[in-house]
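Subject: Structure handover

Hello,

Here is the structure I promised to pass on. Please open it first, then read my notes below.

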Amino acid sequence: MNIKRWIGRREANWKQLDTLLQQVEKRGIKSLPGSQIKELASLYRSVSADLARARTNQVGNTLVKDLQRLTSRGYNQIYQGSRRQDWQGLGEFCRWGFPAIVQQT
């Protein structure tokens, strides 16, 4: 594998994923339209594959660490989401949902 050519072909995807992740990290996943959410998921899978390829072909620690960091950020946003929203939802349930259920029963 020609490492420089491979990096040249893949680097645009890495930058695009980084850009989307920065937006999601600042404004939340809801700030992206549906098409960009699909793109985010697709780029995440692609970069995950690139990370595996980089490890297998020993392209260098710096690149592997950068791809690892990018993949980690993508995983956190796609699979874990915002923890703040979870707490807000719990607060709303305790404040409004639970009392309403108690009244109904």
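Tyr75 is partly exposed, because its relative accessible area of 37% falls between the 20% and 50% cut-offs. Tyr79 goes further: at 55% relative accessible area, this residue counts as exposed. Please keep in mind that this is a predicted model.

Both tyrosines belong to helix α3. Tyr75 and Tyr79 sit four residues apart there, about one turn of the helix. Their ring centres are 5.1 Å apart, and the planes meet at 40 degrees, so the pair is tilted. Tyr44 joins them: Tyr44, Tyr75 and Tyr79 make up one aromatic cluster.

How many aromatic pairs does the structure hold? There are three. One of them is Trp6 with Trp14, and this pair is edge-to-face. Here the centres lie 5.7 Å apart, with 65 degrees between the planes. Are these two tryptophans buried or exposed? Trp6 has a relative accessible area of 3%, so Trp6 is buried. Trp14 is buried too, at 8% relative accessibility.

Now the core. The largest nonpolar core has 17 residues. Trp6, Trp14, Leu17, Leu40 and Leu67 touch the most other members. Three elements give two or more residues to this core: α1 (3-27), α2 (34-56) and α3 (61-80). Of these, α1 gives the most, with six residues.

Trp6 is worth a look on screen. Leaving aside residues up to four places away in sequence, Trp6 touches Met1, Trp14, Asp50, Arg53, Ala54, Val59, Leu63 and Leu67.

Back to α3. This helix has 20 residues. From first C-alpha to last, α3 reaches 27 Å, close to the 28 Å expected at 1.5 Å a residue. Which residues of α3 are buried? They are Leu63, Val64, Leu67, Leu70, Thr71, Gly74 and Gln77. These residues cover an arc of only 160 degrees around the axis, which means they lie on the same side of α3. What do the buried residues of α3 pack against? They pack against α1 and α2. The face turned away from that buried side carries the exposed residues Asn61 and Thr62.

To find your way around, begin with Trp6 and Trp14, the edge-to-face pair. Then go to Leu67, which is buried in α3 and is also one of the core residues that touch the most other members. Finish at the aromatic cluster of Tyr44, Tyr75 and Tyr79.

Best wishes

Note on methods. Residues numbered from 1 in each chain as written. Predicted model: local features only at pLDDT ≥ 70, side-chain atom pairs only at ≥ 80, totals over all residues. Heavy atoms only, no water. Core = buried A, V, L, I, M, F, W, Y, C linked by side-chain atoms within 4.5 Å. Buried < 20%, exposed > 50% of the residue type's maximum accessible area, 1.4 Å probe, protein only. Contact = heavy atoms within 4.5 Å. Phe/Tyr/Trp six-rings, centres within 6.5 Å; stacked < 30°, edge-to-face > 60°. Expected span 1.5 Å × (residues − 1). Arc of directions from axis to C-beta.
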